[in-house]
Amino acid sequence: MVNKVDHIGIAVKDLQETLKFYEGVLGLKSAGTETVEEQKVKVAFLPIGDTEVELLESTSEDGPIAKYIEKNGEGVQHIAFKVDDIEAAIAEMKEKGIRMIDEKPRYGAGGAKIAFCHPKSTHGVLIELCQR
Ligand code: ZN
């Protein structure tokens with residue numbers, strides 16, 4: 001169903017400050033930033049090999065990333081797996097008894113179609129299905 005790690009999502013307090021580490025120290029290059037209003041986040045994607053690091057900064061105090069940081073601090077927030085057909089993947093997940101946060105695909109940064117699986121069904125990891 002899934003064929004590679006599309007990206008790793010990291011919750012950060014300050015995107016610009018964080019880029020100093022990822023670009024300045026690790027030498028990655030941001031492919032640009034985008035604000036996704038629906039999820040109340042500003043996102044930067046940094047390609048590395050055939051995958052990407054996704055840095056997520058909340059644009060609102062009540063956004064999911066702000067809540068995540070309040071509870072857990074900064075850090076890895078989700079892992080995204082690439083799928084070819086997200087509708088089929090969601091249907092298969094549900095059929096196999098996996099609890100989905102998103103039963104329908106929603107808009108993700110870069111024009112991707114995404115859906116999150118509930119961590120209670122995935123042994124504690126917030127898994128994003130992502131179709132490019
Ligand atoms: Zn993501």
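This is a short talk on the sheet and the salt bridges of one predicted model.

I'll start with the sheet. Eight strands make it up, and the sheet is open, with mixed pairing. Reading across, the order is E2-E3-E4-E1-E5-E8-E7-E6. The edges are strand E2, residues 33-36, and strand E6, residues 106-108, each of which pairs on one side only. From one strand to the next, the twist averages 35°.

Now some of the pairings, beginning at the E2 edge. E2 runs antiparallel to strand E3, residues 41-48, and four bridges join them. To give you a position to look at, Glu34 has Val43 in E3 as its bridge partner.

Further in we have strand E1, residues 4-12. E1 pairs with E4 in the parallel sense, over six bridges. On that side, Gly9 is bridged to Glu54 in E4. E1 also pairs with strand E5, residues 75-82, this time antiparallel and over seven bridges. Here Ile10 has Val76 in E5 as its bridge partner.

One helix to place against this. Helix H1, residues 15-25, lies across E1, E2, E3 and E4. Relative to E4, helix H1 runs at about 155°.

On to the charged side chains. As a reminder, side chains of opposite charge can pair when their charged atoms come close. Searching the whole structure gives nine salt bridges. I'll go through some of them.

Which residues does the salt-bridge network link? Asp6, Glu52 and Arg132. Take Asp6 and Arg132 to begin with: their side chains meet in a salt bridge at 2.6 Å, N to O. Asp6 sits in strand E1, while Arg132 is in the segment after strand E8, residues 127-131, so this pair ties together parts that are 126 residues apart in sequence.

Is Asp6 buried or exposed? Its relative accessible area is 5%, so Asp6 is buried. Arg132 comes out at 45% relative accessibility and therefore counts as partly exposed.

The third member, Glu52, belongs to strand E4, residues 51-58. Glu52 has 19% relative accessibility, and the cut-off for buried is under 20%, so Glu52 counts as buried. If we set aside neighbours within four places in sequence, Glu52 contacts Asp6, His7, Ile8, Phe45, Leu46, Pro47 and Arg132. Both of its network partners, Asp6 and Arg132, are in that list.

Next, a salt bridge between helix and sheet. Lys113 and Glu87 meet through their side chains at 3.4 Å, N to O. Lys113 is in strand E7, residues 112-117, and Glu87 is in helix H3, residues 86-95, so the pair ties together parts that are 26 residues apart in sequence. As for exposure, Lys113 has a relative accessible area of 34% and is partly exposed. Glu87 is also partly exposed, at 41% relative accessibility.

The last one for today is Lys82 with Asp84. In this salt bridge the closest N and O atoms are 3.5 Å apart. Lys82 is partly exposed, with a relative accessible area of 22%. Asp84, at 55% relative accessibility, counts as exposed.

To recap: we have an open, mixed sheet of eight strands, with helix H1 lying across E1, E2, E3 and E4. Asp6, Glu52 and Arg132 form a network of salt bridges, in which Asp6 is buried, Glu52 is buried and Arg132 is partly exposed.

Note on methods:
Residues are numbered from 1 along each chain as its sequence is written. This is a predicted model: local features need pLDDT of at least 70, side-chain atom pairs count only at pLDDT 80 or more; totals for chains, interfaces and linings use all residues. Side-chain values use heavy atoms; hydrogens and water are left out. Helices (H or I, at least four residues) and strands (E, at least two) are DSSP runs, numbered from the N terminus. Buried means under 20% relative accessible area, exposed over 50%, partly exposed in between (1.4 Å probe, protein chains only). Contact means heavy atoms within 4.5 Å. Two strands pair if DSSP finds at least two bridges between them. Axes are lines fitted to C-alpha atoms, for helices over the stretch in contact, and angles run from 0 to 180 degrees between N-to-C directions. A salt bridge is a side-chain nitrogen of Lys or Arg within 4 Å of a carboxyl oxygen of Asp or Glu.
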